[in-house]
2 protein chains.
Amino acid sequence: MVVPMARPASALRGHILESALHLFASGGYEATSLHDIATAVGCSKASLLYHFTSKDAILTELLTPAGEGLAALDTQLAPLDGREAAEAAVIGYVDLAMRFRREIKILFADIPGMTAHPAMGSIPGTVERLLDALAGRSTRTRDVVAAQMVLGAVFLAGASDVDVPAQELRDEMIRASLRTLRPDPGPERD
Amino acid sequence: MVVPMARPASALRGHILESALHLFASGGYEATSLHDIATAVGCSKASLLYHFTSKDAILTELLTPAGEGLAALDTQLAPLDGREAAEAAVIGYVDLAMRFRREIKILFADIPGMTAHPAMGSIPGTVERLLDALAGRSTRTRDVVAAQMVLGAVFLAGASDVDVPAQELRDEMIRASLRTLRPDPGPERD
DNA sequence: ACCATAACTGTCCGATCGGTCAGCTATGAC
DNA sequence: GTCATAGCTGACCGATCGGACAGTTATGGT
């Protein structure tokens, strides 16, 4: 049987992934056609489908590292609790967002269909657990909303084109996230 | 000449807008076909294009109120400065996000093509000014990043399906946003 | 020289999209 | 009755999509 398996690495293959990542991140997955990618790469559309079994296979290969990173964070956070969980979740999540900024942009552009993509593992459950960790395992409305906001804040701020060096952005996002999650420093205490 | 103008209100017209808003918000604009809308409404695809000049015209009618609301906030924030600007921006932005949760979901699902949609006015400039207000007119990295994060936080938390009553969600989002933007309360306050 | 295989492409295909158009039906004015 | 008009529809159109496939060229082992 001549099953078209994933072809081994080659010069063109790398160029395809590179161009596809760029196009997906800037224009979205659905809005980017195989023709667009082929034009950017400088090869034929059929050549793309020689190196990859489908358009989705290209996306999968691009998203897999990010999905694995998220899964690893999930595992790492599982045994932690309370403030420890929240802080580890913040740092881990921010680092993840920084490392996969372009991949996040792809997800961001096609949320509805993308969050269910197999390459990202079971997003719903993973995200739910990440939220739980960010909230320090608390179910109080205040903490749940704050966790949800940190999730969105880092997600969007990481994908945005803020004119700030990466290292600085990372540190500020961590600080701001912890500020968001920490109890109010007002007169009342709990 | 017989220019097909926007038809006046009618029962079916209302149902179309209602169904379209629901479908766009849950599945995204691009991913929702006229056939999908027609099926949901229970009429023919051609009937949609009798009441609306195009698919885009449906979207425009759905997004226009949100665009006007954003423009109004823009005007309201213009004369304010510093902490006053930041707090007014937070409250105004959160209220806007709450009022147009479903519309935001539409934008969220098709960011690349949607942020440039005429119905939302000149998004880039408006968002930039909103960010400036959120940062309290500061250009310090810390404040700029925090503002960007609040923007994303409210945007996503508002569009998410958190199981929290609207009023409570609004108040918590405002509190958390102010926490994010507020200067660090010294090394340790607790 | 021969040939198997890899790398690549031109061309075609079915599906689906947004949109057009001629025509059907119901209603109300005269 | 007659006629204009509003509301609505089935059938069709061109464009574009992802993908299939036969065929061409380049390469390296024997």
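Is A:S19 buried or exposed, and what is its relative accessibility? In this predicted model, A:S19 has a relative accessibility of 17%, and because buried means under 20% relative accessible area, A:S19 counts as buried. The residue sits in helix 1 of chain A, which covers residues 11–27, and, if neighbours within four places in sequence are left aside, A:S19 is in contact with A:A40 and A:V41.

From this one residue the view can widen to the chain that holds it. Chain A has 190 residues, of which 51% are buried, and its secondary structure consists of ten helices with zero strands, so that the order of elements from the N terminus reads α-α-α-α-α-α-α-α-α-α. Among the contacts in chain A with a separation of 6 or more, 70% are between residues 24 or more positions apart. The area that chain A exposes comes to about 9,300 Å², and 58% of that area is supplied by carbon and sulfur atoms.

The surroundings of DNA strand D draw on both chain A and chain B. This strand is surrounded by 15 residues, and the closest of them are A:L34, A:K45, A:K55, B:A46 and B:H51. By class, the residues of this surface comprise seven nonpolar, six polar and two charged. Seen from the side of the nucleic acid, 58% of the atoms of DNA strand D within 4 Å of the protein belong to sugar or phosphate, while the rest belong to bases.

Individual polar pairs show both kinds of partner on the strand. For A:L34, a backbone N or O atom lies 2.9 Å from a phosphate oxygen of DNA strand D, whereas for A:K45 an N or O atom in the side chain is 2.6 Å from a base oxygen of the strand. On chain B, a polar side-chain atom of B:Y50 is placed 3.0 Å from a phosphate oxygen of DNA strand D. Two elements give two or more residues to the surface near the strand, namely helix 3 (45–51) of chain A and helix 3 (45–51) of chain B, and the largest share, four residues, comes from helix 3 of chain B.

Charged pairs within the protein form the last part of this picture. Side chains of opposite charge can pair when their charged atoms come close. Over all chains, the structure holds 14 salt bridges. In one of them, the side chains of B:R170 and B:D95 meet with an N to O distance of 2.5 Å; because B:R170 lies in helix 10 (residues 166–181) of chain B and B:D95 in helix 5 (residues 82–99) of chain B, the pair ties together parts that are 75 residues apart in sequence. Both partners count as partly exposed, B:R170 at 23% relative accessibility and B:D95 with a relative accessible area of 29%. In chain A, a network of salt bridges links A:D95, A:R170 and A:D171.

Helix 10 of chain B also contains a pair at shorter range in sequence, B:R175 and B:E172, which are three residues apart and therefore separated by about one helical turn. The closest N and O atoms of their salt bridge are 3.2 Å apart, and it joins a partly exposed residue, B:R175 at 41%, to a buried one, B:E172 at 8%. A further salt bridge is formed by B:R140 and B:D143, with the closest N and O atoms 3.5 Å apart; here B:R140 counts as exposed at 51% relative accessibility, while B:D143 is buried, with a relative accessible area of 10%.

Note on methods
Residues numbered from 1 in each chain as written. Chains lettered and ligands numbered in written order. Predicted model: local features only at pLDDT ≥ 70, side-chain atom pairs only at ≥ 80, totals over all residues. Heavy atoms only, no water. Near = heavy atom within 4 Å. Polar contact = N/O pair within 3.5 Å; in protein donor to acceptor, adjacent residues only side chain to side chain. Nonpolar A, V, L, I, M, F, W, Y, C, P; charged D, E, K, R; others polar. Buried < 20%, exposed > 50% of the residue type's maximum accessible area, 1.4 Å probe, protein only. Contact = heavy atoms within 4.5 Å. Areas by Shrake-Rupley, 256 points an atom, 1.4 Å probe, with all protein chains shown as cover. Salt bridge = Lys/Arg side-chain N within 4 Å of Asp/Glu carboxyl O.
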